[in-house]
Amino acid sequence: MRQLFTISVIALFLFSCSKRKTNEYLISPVPFTQVTVEDDFWSNRIKTNHDVTIPIAIQKSDETGRIDNFAIAGGLQEGVFCSPYPFDDSDVFKIIEGAAYSIQMFPDEQMEKTIDSLIYLIGEAQEDDGYLFTNRTIMGENGHDWIGTERWENVDDLSHELYNLGHFYEAATAYYQATGKRKILDIAIKSADLVDSEFGYGKIENFPGHQEIEIGLVKLFRTTGEKRYLDLAKFFLDIRGKGIGEKTAYNQSHLPVVEQTEAVGHSVRAAYMWTGMADVAALTGDQAYIDAISKIWEDVVYKKFYITGGIGAEGGHEGFGGPYELPNEKAYCETCAAIANVFWNHRMFLMTGDAKYIDVLERSLYNNVLSGVSLSGDRFFYPNPLQSNGQHERSEWFGCACCPSNISRFIPSMPNYIYAQHGNDLYINLFVSGSTTFETPKGNIKLTQESNMPWNGHISIIVEPEKETKADLLVRIPGWASENPVPGDLYEFMNKPSALPLFKINGIEVFPEMNNGYAFLSKSWKPGDKIEVDFPYGIRKIKAHPNIEDNRGKVALQLGPLVYCAEWADYEDPYIFDLFLYENQSLSFGFSPGKLGGMNVISGEASVRKIGEGPDIGELYPRKFTAIPYYAWAHRGKGQMMVWIPVSEEATRPKPLPTIASESHIEASHVTSALQGINDQLLPKNSADKSHTLYHWWPATNEKHWIVYNFSAPAKVSECGLYWLKDIPNGGCDLPEWYKLYYKRGQNWVEVDAETPYPMMEDELNRIVFSPVTTTAMKLEVLLSEKYSAGLHEWTVK
């Protein structure tokens, strides 16, 4: 029986190498530079990233002053800090990293010249002792409120000085490796030497408020061989929970990292930290790190993981909620968090050789990550909700632009996750047409994959060794083709796979040994040997753990690695929240080449109950059902979307009858897409409920604001209802200082004649009854309190 590699065994392996300067991951990825991608799915996205996403990221960084910040800091032009946040330097660094990856696949002299010009500006912006942080260099003591008046003063909070540098070190090593040009690497070394001289035991004993430098330092160590950088990365991890800074769960400094067992706080910070811990554990053999991230992984995947591969349930702190707290419409699932989740799970696989980590990686990759960027490569999601009432759309850019720049560096590195190797064990993790060549102790072996994934389950692999060579090919059995969608009991398939995976070698069926989620194909391979794999490929219905409140009485649909959703644009009536499928409803799929770049579309028949007026009131009637891959939603305008489809009438949201409020045109002093939430006729469970669209004025305080309902026709009204948002102490909204209601008379606003003083209660609809008036509009005026902002769940009018 083949040995199973567990994390504990890996740790022993690492410690056995203690005489070496450092250890290493058990398994090595095949670098993307040694992988060709020749399919119609990923190759198009990688090329679009090169042709569209990276140039747009550069353009937007120029337009928003991010690039000018370096020129001003370097004394090449005059001005003040131009962009909104002290972490804006990092966007430029991520773009450089992405370009470094991309020009290795698509040699591009002009892009390389552009990057060289950015590197020149960065070098000029660096201070003489190596300090690199444009906000402080430009503004001195008058910098952003987050950074303090002295270097490193707020490094454990929001200054992002070390966070920026982490991304710079990643960019520097990538560009040096891509081009051989040392300038950017020398800038990085100078910076890292400064950080190393100022941080450490007996120096500044503090931790980064946003983890990332740990990953960058490890890459700098790998590139230079300078072990001080690895030691510094470990210091920044070990000092969490101990340093001089304020300890908070938000940035995972509430406990020493080796004592943490649960996923808490900001999800990107957390996943970057776990990635850094995996790197340091692999290189140092630190068993305590391995134990901690293994426990945290189980907490995430067993209790806090979205079916789309997203992590982070709450928008307020952009992070994790409690166990099973996975709302759909208010899901955060930040694009950066999904990317970080891929990084982390890939490293967990490299330590263990367990396919469960690639199952999680694949789910995040094909669903949450790809949802974060449009098919055209020029529009982006920051959060990626699993349900929308039409308030969501991708944006060209963001004030906080971490996600677009992260996409620009991630997409070209995607081939890095397809293959891996440990000696003569050759891993095939993802199924993408193309090829790679493994260098083994017994000679080179080229593998060429032919696959139409994610549109069917047939894979063929041509094996071409230089000479007949004994090797083990480990083909992953994906979770979507087996019994469970992901490890644990958070989700389960309702229907079994249509068949077992079928393996053939040179046309003869074989029955490989299965271990750790892999099929082991062991033989002496000859040039031209052909492996064929047929994974069961069919629509799988998924149900969620009963503790996930939003998903009770609902199913999700998966086809191959893709999670599907229903979207308004595929329906005659764009209101789709009232439809439901019977659990045993038969569904089919077919490829639609002209639909959103070509895709498999799921179709069938749903049911809806008739409401309103007419003789068939209350009767069920059929409705065509269509579902598309989740990554492709929001390309056809704003409207309703849902991943979790009701399978009982009780789980639907019946289409409400029109009201004066719901038919009104809304104007406001503060306009956001969430305005539509105040007249959607959905009352929350309580004032702190964030499961539906809610409108707020945060972070504003001590300001007057207004909202106007313009009626579709004059109406006689005598009552309003207001349901206020209050999420303190976990958020920033309380009840307002006061509010008033007005009706329009001619061109003037007149306050209503209320029967009682305006009520101001939480957790209920505040009813304001007033003398009847006939009007065409009503106005709500609000004064926010001095300490807190405010928000509104619903405003009704009768």
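Thirty residues line the second largest pocket of this predicted model, and those nearest its centre are Pro-29, Gln-177, Lys-219, Arg-222 and Asn-416. Strand S1 (28-29) and the helices H4 (89-105), H7 (161-179), H9 (213-224), H13 (335-352) and H15 (402-410) each give two or more residues to this lining. Helix H7 gives the most, with five residues. The space in the second largest pocket amounts to about 920 Å³. By class, its lining consists of 13 nonpolar, nine polar and eight charged residues.

Strand S1, one contributor to that lining, also belongs to an open sheet of six strands with mixed pairing. The order in this sheet is S1-S4-S5-S9-S14-S13. Strands S1 and S13 (513-515) are the edge strands, each pairing on one side only. Within the sheet, strand S5 (residues 425-428) and strand S9 (residues 469-476) run parallel and are joined by four bridges. In this pair, Asp-425 stands opposite Asp-472 of S9.

Strands S6, S7 and S8 may be followed next, through two successive pairings. Strand S6 (residues 434-440) pairs with strand S7 (residues 443-451) in the antiparallel sense, over seven bridges. The hairpin that joins S6 to S7 passes through two residues. Ser-435 has Thr-448 in S7 as its bridge partner. On continuing from S7, one reaches strand S8 (residues 458-465), which runs antiparallel to S7 and is joined to it by seven bridges. Here the hairpin has six residues between the two strands, and Gln-449 has Ile-461 in S8 as its bridge partner.

The helices of the earlier part of the chain offer a view of burial. Helix H3 (residues 66-73) is mostly covered, with seven of its eight residues buried. The buried residues are Arg-66, Ile-67, Asn-69, Phe-70, Ala-71, Ile-72 and Ala-73. Their cover includes H2, H4, helix H5 (109-125) and helix H6 (134-139). Helix H4 thus appears both in the cover of H3 and in the lining of the second largest pocket. After H3 comes Gly-75, which has a positive phi near 75 degrees.

Helix H2 (residues 42-63), part of the cover of H3, holds Lys-60. Is this lysine, Lys-60, buried or exposed? Lys-60 is buried, because its relative accessible area is 15%, below the 20% limit for a buried residue. Not counting residues up to four places away in sequence, Lys-60 touches Glu-396 and Trp-397.

Two residues in loops combine burial with an unusual backbone setting for discussion. Trp-152, in the loop between H6 and H7, has a positive phi of about 65 degrees although it is not a glycine. Its relative accessibility is 6%, so Trp-152 counts as buried. Tyr-324 also has a positive phi of about 65 degrees and is not a glycine; this residue is found in the loop between helix H12 (287-303) and H13. With 17% relative accessibility, Tyr-324 counts as buried.

The nonpolar interior can be considered next. The largest nonpolar core has 224 residues. Ile-96, Tyr-169, Val-195, Trp-274, Tyr-491, Phe-625 and Val-643 are those with the most contacts inside it. For Phe-625, leaving aside neighbours within four places in sequence, the contacts include Leu-557, Ala-566, Tyr-571, Leu-579, Leu-581, Leu-587, Ile-602 and Ile-645. Ser-603, Gly-604, Glu-605 and Ala-606 are also in contact with Phe-625. A second core, separate from the largest one, has 34 residues, including Ala-674, Ile-707, Cys-720 and Val-750.

Ile-707, a member of that second core, brings the reader to strand S26 (704-725) and the loops on either side of this strand. Where is Pro-699 found? Pro-699 lies in the loop between strand S25 (695-696) and S26, and the peptide bond from Trp-698 to Pro-699 is cis, with omega near 10 degrees. Pro-729 lies in the loop between S26 and strand S27 (738-745). The peptide bond from Ile-728 to Pro-729 is likewise cis, with omega near 10 degrees.

How values were computed: Residues numbered from 1 in each chain as written. Predicted model: local features only at pLDDT ≥ 70, side-chain atom pairs only at ≥ 80, totals over all residues. Heavy atoms only, no water. Core = buried A, V, L, I, M, F, W, Y, C linked by side-chain atoms within 4.5 Å. Buried < 20%, exposed > 50% of the residue type's maximum accessible area, 1.4 Å probe, protein only. Contact = heavy atoms within 4.5 Å. Pairing = 2+ DSSP bridges. 1 Å grid on protein atoms, 1.4 Å probe; cavity = no way out; pocket = protein on both sides within 12 Å on 5 of 7 lines; lining within 4 Å. Points joined across faces, edges and corners; volume = space filled by probe spheres on them. Nonpolar A, V, L, I, M, F, W, Y, C, P; charged D, E, K, R; others polar.
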